[in-house]
Every structure is written in C-alpha cells, then in structure tokens.
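Take a look at the model below. Then follow the text from the whole chain down to single residues.

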Amino acid sequence: MLCFSWYKVRGGNLHNGKAKRAVPPYSFNLVMKHFYLKTILSCVLSVAGITVSAYDCKVNGIYYKLNKDNQTASVTYYSDIVSDNRYGYFGSVNIPSSFTLNDIIYSVTSIDSYAFSGCRDIYSVSIPNSVTSIGGYAFSSCSNLTSVSIPNSMTSIDSYAFTSCSGLTSVSIPNSVTSIGSHAFSGCSGLTSVSIPNSVTSIGSYAFTSCSGLTSITIPNSVTSIGSYAFNGCI
C-alpha cells in the first residue's frame, strides 16, 4: 500500500519545485517534519485498519487524545501554523490535572511524544501531579522555554524529552524520578546547574551532552550507571 500526501505552505505556492512565499525557515522545517511523521504513522496504522487523528478535543487552548474507557486524557500535538506564523502552542502553558467535556471529567495523565516539539514560542510549562509520563521528544527544540515544572508523580524522564531546549537555565528533578533517558537534556546550552536527587539510579547516554553552559552538577551515590558521552561537550 502506498500513501501519497500533498502539503501547501500557508500564504504561498510552489513554482518549479520552489516555494515563492513561505513561513520562516524554522517553522517550515518543523511543520514538514511533523507532517511527514504523521503521514508515515497514518499509513502504517491504515494498513492495520486503525483510524488515527491528531487530537480528539481542544479545551482552553490545549489539545488532547481521550481514553473514554478510563476517562483519562493525554496532551498531544497540534501540527499546524496558527496566527502570526506561530507553530503549535505558544506563550505560557498551564496543563490542568483534569477537565470536563460533555459532562465527563477526564484526568490528564500523560504528555504524548512530540506534544510540544518545535514550539519555539513557548516560554513556560506547568505540569500537574496527575501526569505520570512524558513521551520522547515532548519538548524538543523549544528553544525559548525557560521554565518547566516536573511533577513528583514522574518516575522517569524519557529520551530526548527536553533536547535542544537552549533557553533552560536550571532544572529541578523531583525525587520520584529513578532514571534520566538518553539525550534527555542534550543541547540545552543555557543549562548552568542540575541537581540530581537520590532516587535516580541511571543516567542515559548523551543525557547532558553539549550542555556547554553547565558549570555545576551533583550526582548522588544512588546512581549506579552513567551512559556513554552523558556529559560530552560540557566544556
């Protein structure tokens, strides 16, 4: 089965294979990245007979996938260009612990992979204690993200979760976290200090690689393994 998709850049068209007018380069590249990822995923799931959509609902500016069986929700991505050529989410994002839709109360328990990836206009994110998992690449390349609260409900920080968040200057990891995934904070060049709690037992490969601004880090005795190149490029 072959899947073909066409994509039109807002405000422009294609001429001889080149866009005559397009959004800023970083927006175009990020939109296309997500577009292709979604297209490939849709094709794979179509073969399996599964229907897929980007989100099920939007509540107070946040997009969710719903699990109606157990009345839980996951924050997901919105891969489109919104006003002023901004991509996806922007500003300060406050994720609620729950919300009501059609008289049903949904508990927000997770953040999907790529949920905020590439949203360069996000400045802060508040994550409630109801969230127990954050998917890979969830906040990757949010270069203007300066503040994020990781709740005590988290047990692990997935691979690439905050990679290339160059605006982050400090991260507080709660003592509920037991593992830091590979590349979790790689490329966070603005990060100057990290405090790792006694609950953490493993630090993945490349976890803090290219964190060139890092000057202080405390590694507790609980850590029994540190992956390859975990602090590579921390000059």
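What follows goes from the overall fold to the core, the pocket and a few chosen residues.

This is a predicted model. The chain holds 1 helix and 18 strands. Of its 235 residues, 43% are buried. Now consider contacts between residues with a separation of 6 or more. Pairs 24 or more positions apart account for 36% of them.

Start inside. The largest nonpolar core has 53 residues. Within this core, the residues with the most contacts are Tyr-64, Ile-95, Ile-111, Phe-116, Phe-139, Phe-162 and Phe-185. Two or more core residues come from each of β3 (57-59), β4 (62-67), β5 (72-75), β8 (104-111) and β9 (122-126). The largest share belongs to β4, which gives 4 residues.

Phe-185 shows how one of these core residues is surrounded. Set aside residues up to four places away in sequence. Phe-185 then touches Ile-157, Phe-162 and Thr-163. Its partners also include Val-171, Ile-173 and Ile-180. Ala-207, Phe-208 and Cys-211 are on the list too. One partner, Phe-162, is itself among the core residues with the most contacts.

Next, the empty space. Rolling a probe the size of a water molecule over the atoms reveals where such space remains. The largest pocket encloses about 220 Å³. Its lining has 17 residues. Nearest the centre are Asn-60, Gly-61, Ile-62, Tyr-63 and Tyr-89. Which strands supply at least two lining residues each? They are β3, β4 and β6 (91-94). Two of these strands, β3 and β4, also give residues to the largest core. By type, the lining divides into 11 nonpolar, 5 polar and 1 charged.

Now move to Ser-176. This serine sits in the loop between β13 (170-172) and β14 (179-180). Is Ser-176 buried or exposed? The cut-off for buried is under 20% relative accessible area. Ser-176 has 18% relative accessibility, so it counts as buried. Its side chain has polar partners. A polar atom of that side chain lies 2.6 Å from the backbone oxygen of Asn-152. The backbone oxygen of Met-154 lies 2.5 Å from a polar atom of the Ser-176 side chain. Leave out neighbours within four places in sequence, and Ser-176 is in contact with Pro-151, Asn-152, Ser-153, Met-154, Thr-155 and Ser-199.

Compare Ser-172. This residue lies in strand β13. Ser-172 is exposed because its relative accessible area is 58%, and exposed means over 50%. Ser-172 and Ile-196 are 24 residues apart along the chain. Their C-alpha atoms are separated by 7.8 Å.

Finally, check the backbone angles. Most residues other than glycine have a negative phi. Asn-102 is not a glycine, yet has a positive phi of about 55 degrees. Asn-102 is in the loop between β7 (98-101) and β8. With a relative accessible area of 67%, Asn-102 is exposed.

Tyr-206 also has a positive phi, of about 60 degrees, and is not a glycine. Where is Tyr-206 placed? It is in the loop between β16 (202-203) and β17 (216-218). Tyr-206 counts as partly exposed because its relative accessibility is 30%, and partly exposed covers values between the buried and exposed cut-offs.

Conventions. Residues numbered from 1 in each chain as written. Predicted model: local features only at pLDDT ≥ 70, side-chain atom pairs only at ≥ 80, totals over all residues. Heavy atoms only, no water. Core = buried A, V, L, I, M, F, W, Y, C linked by side-chain atoms within 4.5 Å. Buried < 20%, exposed > 50% of the residue type's maximum accessible area, 1.4 Å probe, protein only. Contact = heavy atoms within 4.5 Å. 1 Å grid on protein atoms, 1.4 Å probe; cavity = no way out; pocket = protein on both sides within 12 Å on 5 of 7 lines; lining within 4 Å. Points joined across faces, edges and corners; volume = space filled by probe spheres on them. Nonpolar A, V, L, I, M, F, W, Y, C, P; charged D, E, K, R; others polar. Polar contact = N/O pair within 3.5 Å; in protein donor to acceptor, adjacent residues only side chain to side chain.
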